[in-house]
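Student: I would like to go through this structure with short questions. Please show it before we start.

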Amino acid sequence: IWVVAGPIFDRATLKLTIGDPGELAVEIPDAFFKILIHESPSGLDTLAFIFEQPNELNAQGEPVPTASW
């Protein structure tokens, strides 16, 4: 089984970052993807997912999750 995963950035949304002053700011992805690949005698089986990560800023301007799952 192979697993491929990574971030998804949407240029149309507000760019949110994390990191304390003096540190390198890291952008928070808008979503993540994950692809599962299984090789069987009959060929390749694949399954893909996209996990959204909605975020907004709190009163201090820090990113906070908005999802309620």
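Student: Which strand holds Phe 32?

Tutor: This is a predicted model. Its elements run β-β-β-β-β-β-β from the N terminus, with zero helices and seven strands. Phe 32 lies in residues 31-40, which form strand S4.

Student: Is Phe 32 buried, partly exposed or exposed?

Tutor: Buried requires under 20% relative accessible area, and exposed requires over 50%. Phe 32 has a relative accessibility of 34%, so the residue counts as partly exposed.

Student: Which strand gives the most residues to the nonpolar patch?

Tutor: Phe 32, Leu 47, Phe 49 and Phe 51 make a nonpolar surface patch of about 360 Å². Three residues of the patch come from one strand, residues 43-52, and that strand is S5.

Student: What percentage of the protein's exposed area do carbon and sulfur atoms supply?

Tutor: The protein has 69 residues, of which 10% count as buried. Its exposed area is about 5700 Å², and the share from carbon and sulfur atoms is 58%.

Student: Where is Asp 10, and how far apart are the C-alpha atoms of Asp 10 and Asp 30?

Tutor: Asp 10 sits in the loop between strand S1 (2-8) and strand S2 (17-18). Along the chain, Asp 10 and Asp 30 are 20 residues apart. The separation of their C-alpha atoms is 6.3 Å.

Student: Which residue's backbone nitrogen does the side chain of Asp 10 reach?

Tutor: Asp 10 is partly exposed, with 37% relative accessible area. Its side chain comes to 2.9 Å from a backbone nitrogen, that of Ala 12.

Terms used. Residues are numbered from 1 along each chain as its sequence is written. This is a predicted model: local features need pLDDT of at least 70, side-chain atom pairs count only at pLDDT 80 or more; totals for chains, interfaces and linings use all residues. Side-chain values use heavy atoms; hydrogens and water are left out. Helices (H or I, at least four residues) and strands (E, at least two) are DSSP runs, numbered from the N terminus. Buried means under 20% relative accessible area, exposed over 50%, partly exposed in between (1.4 Å probe, protein chains only). Accessible areas come from the Shrake-Rupley method with a 1.4 Å probe; for residues, only the protein chains shown count as cover. Patches are made of residues with over 30% relative accessible area and no salt bridge: like charges are joined within 9 Å, nonpolar side chains (Val, Leu, Ile, Met, Phe, Trp, Tyr) within 5 Å. A salt bridge is a side-chain nitrogen of Lys or Arg within 4 Å of a carboxyl oxygen of Asp or Glu. A polar contact is a pair of N or O atoms within 3.5 Å; within protein, one must be able to donate a hydrogen and the other to accept it, and residues adjacent in sequence count only if both atoms are side-chain atoms.
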